[in-house]
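Please open the structure in a viewer and follow the selections below in order. Each stop names what to select and then describes what is found there.

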Amino acid sequence: MSLLPPRGESANRTRSPLPGQAQKQASVFLQELAEKRRVALSPGGWEGGRKDSPWRNVQKTMMPAAWVKSSMADNAKRRKSFSETETIETFDKENSPMVRLEEQMKLQHLEELQEEFDKHKPADIRITQGPCRPDKIVKRVPGCMNLKEFQDVVAKVLGTYEYNDYLEKLFTKLDTSCDGYVDWEEFLTYMMLLYRENDYLRTKKDIPFQVEAVIRHIVQNRQEVTTKIVAVDAPTRYVTISKEGAMAVWQPNMAFEKTYTVGDDDDDTSPQKRRFKMWVTDAVYMRNCEKIAIGSTGRDIRFWDVSTNQYFEEFHLCSMSDVPYCFDYYYDPKSHNSESILIYGVDTGAIHVLYFLRPVTQLFETPFKSDGGPQKIVMQELPQHNKYVRHVHLPNIHPDILRQVRYMPDSASIISSSACSKSSIVICDTNNLKKPYVFKIEKGVEHFDYNKNLSILVTGSMDHLVRVWNPYVPHKPVAILAGHATGVIGVAIHEGLLQVFSYSKDAVIKVWDIKEHTILQSVILQFPSSLHSRMPDHGQFPLHLQPSPHDALLVTCNDYIGMLKLGRVDPPSAKTMATTHDTQLCSAIYNTFFKQVVTGCDSSAIAVWDIETGNKAIVFNNAHGDEEITCMMFDETMRRLCTGARNGTIKVWNFQNGHNLHKLEPAVGEAEVTGIMPILDKKVILSVGWSRLLTVYDDADGDNVYVSAEYNWKGGQLHKDDILCCDYCPPHYLATGGFDGEIIVWDLETEKVFARLRKGQPTNVRKQLEELQRLPSREGKRGHEKNGNGNGIGGRPNSRHRTSHKVPSGSPVPVDKLLFLRGRASVKHTVIEKAILLSSEAGVIKWWNIFVNKPEMGNFYAPEGLDESVLAMCSKPNNSLLVTGDTQGVIKVWDIMDYCVKQLDKIVKTAPPLECYWKAHDAPVVSVEYIQHDAGEFVLTASTDKTARLWTPDGHFIGTFGQSTPWNLSNPKSWTHPKTPWSSEEENLIPIAGSGSKEEEKTNSEADDQKTDEDDVTDDEEGEESWEESEEELEDAMNGTETESKLRPKSVAVVQESKSKVPRTELRLKYRAQTFPFGLDRSKTFLGYKVEHELQRKQRDRQGRRQLYGEIPVKQTARFGKLCSPYQALTTPVFEDIRIPEHLPLSQRMINKGYSSDLLTVETIQHMDFSYGGPDTPPSSQQTSSPSSKKPSTISTGRTYSNLSSRNSDDRQSGKLPPIKSGRSSRLSSRQSTTPGTAKKWPTVVVTESDGP
């Protein structure tokens, strides 16, 4: 039983329960119950296993009767927690209109439900065996309810039967063993996982820190601690002040800018003398007058002006009676030059208040003086400055040093703190008119924060506790937040997030929820001074919270500063393509029972999606720890999910709630699992992989968590190399394919070989050596790595991880995929004549008949490009269509209804009819599945480009699982079609019919030109690669191999390689023109960094202009020499087709000529006669083509009509006008030449291009 501890750390509450408290109480009740069961089931708790032992009595009271009858041997195999628990997460709870019933159950409902399970005693089952035989009595186990009993019990507890329909679905989720019964154990596990999932979601969405901290070393501190962090405005800068007065200025990105020194000048500048006369105690930023007030142990306050780029000390208030130890400053945001208040607490426990009357104008009186430097003001002479400042003294507030002060403008009060236990916090009135509020804490207060809008006061003390107070109730805190291991030296309230940040002496930051009073996150900052269990030193104020727009938390530790950004640093762009997972996908499979899609990825995350909307239902991370998920499979009941990992482990899940039912131990070491086959009839689970074995796991006991591998396969180990794939054909055929090309068909009844279609081919070492000698050393090494002969566990990467799928010379062709055509195999009288097994080998699809001596019946190459592979295949249930997905991301649908259905003398080497194909992914397709749904038929694809997508069999794109907008499977209007994952206008599908026409060749050429332009721009923008890598890519291109960097196709669906090879000179010239002048290796350029980037920018702009105005002829736009003619270029018309409106009004002249508004067409208007003295009827086609029109009049224009050149070449040859378009009106030249002999009756205007004026 997977019973899990609560997530995070709890907090001691002293307030009334919140709305979510009832569910939490239920969760605590289940946890306590689980703990009692765990103790009751412990081996030492049985007292020798006697039935009348006290532990047995405890078990009877706390557990259903079904558990009482189980023996010790059975209990030893019950479910228990794994060392690595997965993280479960569900979605769309807040946006869903319906809340799940189990979420509404409270503590009393669970107690009543447990009682009903405990006292459940079902009637025996009577089975009638015939008239002559007595009935058979089958005793049922108490506590195990069927669906009707479960519905009645829940209805009795809730007092209503309205949830019966939902309870039927819930019962299906609980009954993972498919025996038709549910006990309290299964229900308890489901509820525990549900509560854990809710706790995780509640904390996950509020986690503020999602990136690592940025840590910088403040060298200017001279190994002294930082006393205070001050943030100044316009522009925003962080100022750190050390204990000795070293002031360092930092940019918001933590880049060091400049440094200053706070203190008196010393004539002795000897480096041997360590100069310091005082220690800085605190500093505060005076925002309205743009100054920083710095206090020190020299009993003075220095006012630094920070309004300019250069900071300087302006005033020096000295000769004070006490040491100013802490500061606070307040001003009226609506009137900056009104009275402002500077409050400081001293070491004697008193508070001093300085009222600046006109702070923006001047702080103190400024006498005329000739010497430079700061103006010194003696504290005793402060009354002489009463025009600008006045002083108020509040004595005996604390008996000890004041640690912090805060002004409350709404009540004109001051909050102060000290380490004294009798007056830890004091809230006093500045006018001494009210009685002060005194808070008493045993170890005093190190730091506090106050928020007026939330009306809370948060304190941190050396007793490791964070306390939340009502400012007007000093007797008892609202909540005590425990979790720190050392003293709390800094706290901050974030009003927007409703969270409290606390910082302890061991450099640990904890985030607390203000409403729930629970911990949300703990961040351990890795300062160099805090490593190896050392206790670092901190200044007086080590914590600073920077509000929006920067939203950062800054902390100091010794002479280091760290910054933690709140929330996402780089929010996802709206133009970013949607992804299903954050890493490569291994598979996407469809569950016909729950109508859901399950995807798995290399980051060991499993996600469940609703196929009807594309929404995510549940995801559980850390499914196999840090190991990659390599394969997934549902059992025949569609209730359980089996997953295999890179290290050889297999887990069985209830994927509806993320409960791990079984964990199957690996057969041989860490050998990758490539295939899993649950066989329901034999109650076993078969697995294959790099262990080269057929491993059997017992699946008879549903309560056994850890299942060990069995090595009793009667057929033995026949595969000499890794097994890459397998497939199962009911009732008893199993096919396996190896890396060496061997294909074996097994009979599951006898566990012996049924047919050995092909033996494994050994590696030809001689050919491999010849290939390595023929290639250059560098290229050979790189090609060896690309083919994956020395990477990964077991010396070989996974098939989907290979960057090149070309089979090396001398190596056997591996079997990438096997597929049984179950529809053909089900027809027994014709199965012997048909090919029922398909294998994919380096892109070649081979068809096998497993019942004859010559099994191979046909083969054809499926991918478009050379040296590609097909990693995914599936077929329609009736085997009329075959769907393949290759390593180029192309999906093809083949008509195989009549393909290889009869045994012939020769092997068929022609491909079956291709129905359609389209570009589906940017990377290899690793999984494809044909889905028959109530809404229609669909194709599910998954790829290593981190996406899983849904299509129709015709190639219409429905959507990507993980996109922001859901779809409705029954409403085609909600689909993404006719858009594609890359294009927003054009359809991704290109039909096969007419593939050799001129129009398609023209479209492909235009697409190639567009792709070339995009390649040019992309190559210019890539400046991070070295020249050596560019040379390697150049050599790969010349040798016909593909480079790793590929551009995503924009709208072209079909991947088609050109048959002709690019000449070596052209290719080299193209690459050199883009890479050599601007030097990808920046160290080799002599132009300098700025000049180089400016040239790159100009080239990109020039290429962009060429793409936009590439059809503008220079001779037309620059008619008078090399002069700029922007107006001529801009007046190039933008043509647009116009539809003729109905009932177009006609002039009397047009009516007289016989035109009618109902019969007007584009062709009629093109040949319309506007001349005077013509016939009364519109001209006929014969008149239009009369000899007089063969010599049309030519009108010379001053504008370019290049857009018409390609579209209306036929019209020009025939003397017709182009179609009427809308655009900018072009002014015709007054010069007009008319050819002699032209009939004036039918003038034809032809626009021609001229080479000169």
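Begin by selecting Cys-900, which sits in the loop between β56 (890-895) and β57 (914-919); helices (H or I, at least four residues) and strands (E, at least two) are DSSP runs, numbered from the N terminus. Cys-900 is not a glycine, yet its phi is positive, near 55°. With a relative accessibility of 7%, Cys-900 counts as buried, where buried means under 20% relative accessible area, exposed over 50% and partly exposed in between (1.4 Å probe, protein chains only).

The model is a predicted one, in which local features need pLDDT of at least 70 and side-chain atom pairs count only at pLDDT 80 or more, while totals for chains, interfaces and linings use all residues. Residues are numbered from 1 along each chain as its sequence is written, and side-chain values use heavy atoms, with hydrogens and water left out.

**A second positive phi**

Select Lys-946 next, in the loop between β59 (936-943) and β60 (948-951). Lys-946 is likewise not a glycine and has a positive phi of about 75°. Its relative accessibility is 34%, so Lys-946 counts as partly exposed.

**The chain as a whole**

Now display the full chain and colour it by secondary structure. The chain has 22 helices and 66 strands. Of its 1253 residues, 47% are buried. Contact here means heavy atoms within 4.5 Å; among contacts between residues at least 6 apart in sequence, 55% join residues at least 24 apart.

**The annotated repeats**

An unreviewed UniProt entry lists "repeat: WD" for residues 445-470, 481-522, 629-663, 716-756, 863-896 and 918-951. The UniProt positions are given in the numbering used here, feature names are shortened, and annotations may be inferred rather than shown by experiment. Select residues 445-470: the span is 58% strand and 0% helix, and its end C-alpha atoms lie 16 Å apart. Then select residues 629-663, where the chain is 60% strand and 0% helix and the end C-alpha atoms are 14 Å apart.

**The nonpolar cores**

A nonpolar core is a set of buried Ala, Val, Leu, Ile, Met, Phe, Trp, Tyr and Cys residues joined through side-chain atoms within 4.5 Å. Which residues have the most contacts inside the largest nonpolar core? Select Phe-303, Leu-342, Phe-356 and Phe-364, which hold that position in a core of 24 residues. Two or more residues of this core come from each of β10 (280-286), β12 (300-305), β13 (312-318), β14 (324-330), β15 (340-346) and β16 (351-356). The largest share, three residues, is supplied by β15.

Centre the view on Phe-356. Neighbours within four places in sequence being left aside, Phe-356 is in contact with residues including Met-286, Phe-303, Leu-342, Phe-364 and Tyr-388. Apart from this core lies another, of 23 residues, among them Met-105, Leu-110, Leu-113 and Trp-184.

**Two buried residues**

Move to Met-563 in strand β33 (residues 560-565). Met-563 has a relative accessible area of 6% and is therefore buried. Select Val-214 as well: it is 349 residues from Met-563 in sequence, but the two C-alpha atoms are 5.1 Å apart in space. Beyond residues up to four places away in sequence, Met-563 touches Ala-213, Val-214, Tyr-238, Pro-252, Met-254, Ala-552, Leu-553 and Leu-554.

Glu-186 follows, in helix α8 (residues 184-204). Glu-186 is also buried, with a relative accessible area of 15%. Outside its neighbours within four places in sequence, Glu-186 is in contact with Leu-174, Thr-176, Ser-177 and Tyr-181.

**Two cis peptide bonds**

Select Ala-234 and Pro-235, which are joined by a cis peptide bond with omega of about -5°. Pro-235 is in the loop between β6 (226-232) and β7 (237-242). Another cis peptide bond joins Ser-548 and Pro-549, with omega of about 10°. Pro-549 lies in the loop between β31 (543-546) and β32 (552-557).
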